[in-house]
Amino acid sequence: MAERSGARVPRAGGSGAGGRAVPGAGPQGPPGSCAAAPGPLECRRCRYLCTARACCQGVGALLAALVLVCSSVSYGSTGGYTGVASLGGIYYYQYGGAYSGFSGADGEKAQQLDQRFHLLKLPIARAAMAMGGSLMVFSCLLILFGVLQLPWHFPAWLLLECTLDAVVAIGLVPALYYFFHHLLEVYNSSVCKEREQLYQSKGYQGFRCSLHGAEIAAGLLGCIAVMAYLLSAGLAVKGYRTVCKLKQKPVQVYEL
């Protein structure tokens, strides 16, 4: 009945004119196009975020952000009698108010020691924050360049990315050494020892001359960042080889 009435029955699999299938076309359009993507990460550019390189770069950005947060602890407050009392509320009455045990000359001495101790730690805290912020921006730029498919259009960028990742990873090793070496010098200084004795004389045991949790965490995060950037450098070399091979073949690449 369909042939007598002149109606045409489309052939199975045909999506073009005359029932012929369009190569590479699916039920939702050509693969890799944003219109054909069933999810937000199926776009040709967005799919880079699911690759190993993008994940490694995301880990690097997260580690850098955590280093920035941990190092800001030493930068934000003078600590001790001066810093805790400024928090107000229960902290004021427990540490910096009527029950602090500091009055007159002792209070002024504690305040001076807190300020001097804070100034000793300030340079290394600023350096750690600058390093964390710079690495976070660096990792975010690498992710942006990957989403924009810069490595596919300019494969030599992957070699430059490998070099930068290796330089960052190697540079973090002496930076971590300097970080802990400077902190140990601060905690072994006469200012810190005198400050510790003053607080111990008033019954406070939380002001010892030793590394605190945020500083240790910043160092450990830096060590993990070294491994992350070394892995990212290796993945960049692997990506360069893959791009060079694929550019010699008539194959459309959707993930780099």
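In this predicted model, a good place to start is Lys109, which is partly exposed, with a relative accessible area of 36%. The side chain of Lys109 meets that of Glu194 in a salt bridge, with an N to O distance of 3.4 Å. Lys109 belongs to helix H4 and Glu194 to helix H7 (residues 190-201), so the contact ties together parts that are 85 residues apart in sequence. Glu194 has a relative accessibility of 32% and therefore also counts as partly exposed, since that class covers values between 20% and 50%.

The bridge just described is one of four salt bridges found in a search of the whole structure. Another joins Glu215 and Lys121, whose side chains meet at 2.9 Å, N to O. Here helix H8 supplies Glu215 and helix H4 supplies Lys121, so the pair connects parts that are 94 residues apart in sequence. Glu215, at 2% relative accessibility, counts as buried. Lys121 is buried as well, with a relative accessible area of 7%. A further bridge is formed by the side chains of Glu161 and Arg53, at 3.1 Å, N to O. This pair links distant parts of the chain, with Glu161 in helix H6 and Arg53 in helix H1 (residues 52-76), 108 residues apart. Both partners, Glu161 and Arg53, are buried.

Attention now turns to the aromatic rings. A pair of aromatic rings is described by the distance of the centres and the angle of the planes. Five aromatic pairs are counted in the model. In one of them, Phe117 and Tyr187 are tilted, with 5.9 Å from centre to centre and 50 degrees between the planes. Phe117 sits in helix H4 (residues 105-147) and Tyr187 in helix H6 (residues 156-187), so that the pair links distant parts of the chain, 70 residues apart. Phe117 and Tyr187 are both buried. The rings of Tyr199 and Phe207 form a stacked pair, because their centres are 4.1 Å apart and their planes lie at 25 degrees, below the 30 degrees that bounds the stacked class. Tyr199 counts as buried at 2% relative accessibility. Phe207 is buried too, with a relative accessible area of 14%.

Empty space can be described in a similar spirit. Rolling a probe the size of a water molecule over the atoms shows where empty space is left. The second largest pocket holds about 160 Å³ of space. Its lining includes Val67, Ile124, Met131, Leu172, Phe179 and Gly222. The elements that give two or more residues to this lining are H4, H6 and helix H8 (213-247). Helix H6 gives the most to the lining of the second largest pocket, with five residues. Among the other lining residues are Ala127, Ala128, Ala175, Leu176, Tyr178 and Ala218.

On the surface, Val137, Leu141, Leu144 and Leu148 make a nonpolar patch of about 330 Å². Leu148 lies in the loop between H4 and helix H5 (150-153). With a relative accessible area of 43%, Leu148 is partly exposed.

Helix H4 comes up again and again in this account. It holds Phe117 of the tilted pair, Lys109 of the bridge to Glu194 and Lys121 of the bridge to Glu215. Helix H4 is also one of the elements that give two or more residues to the lining of the second largest pocket.

How values were computed. Residues numbered from 1 in each chain as written. Predicted model: local features only at pLDDT ≥ 70, side-chain atom pairs only at ≥ 80, totals over all residues. Heavy atoms only, no water. Phe/Tyr/Trp six-rings, centres within 6.5 Å; stacked < 30°, edge-to-face > 60°. Helix = DSSP H or I, 4+ residues; strand = E, 2+ residues; numbered from the N terminus. Buried < 20%, exposed > 50% of the residue type's maximum accessible area, 1.4 Å probe, protein only. Patch = residues over 30% accessible without salt bridge, like charges linked within 9 Å, V, L, I, M, F, W, Y side chains within 5 Å. Areas by Shrake-Rupley, 256 points an atom, 1.4 Å probe, with all protein chains shown as cover. 1 Å grid on protein atoms, 1.4 Å probe; cavity = no way out; pocket = protein on both sides within 12 Å on 5 of 7 lines; lining within 4 Å. Points joined across faces, edges and corners; volume = space filled by probe spheres on them.
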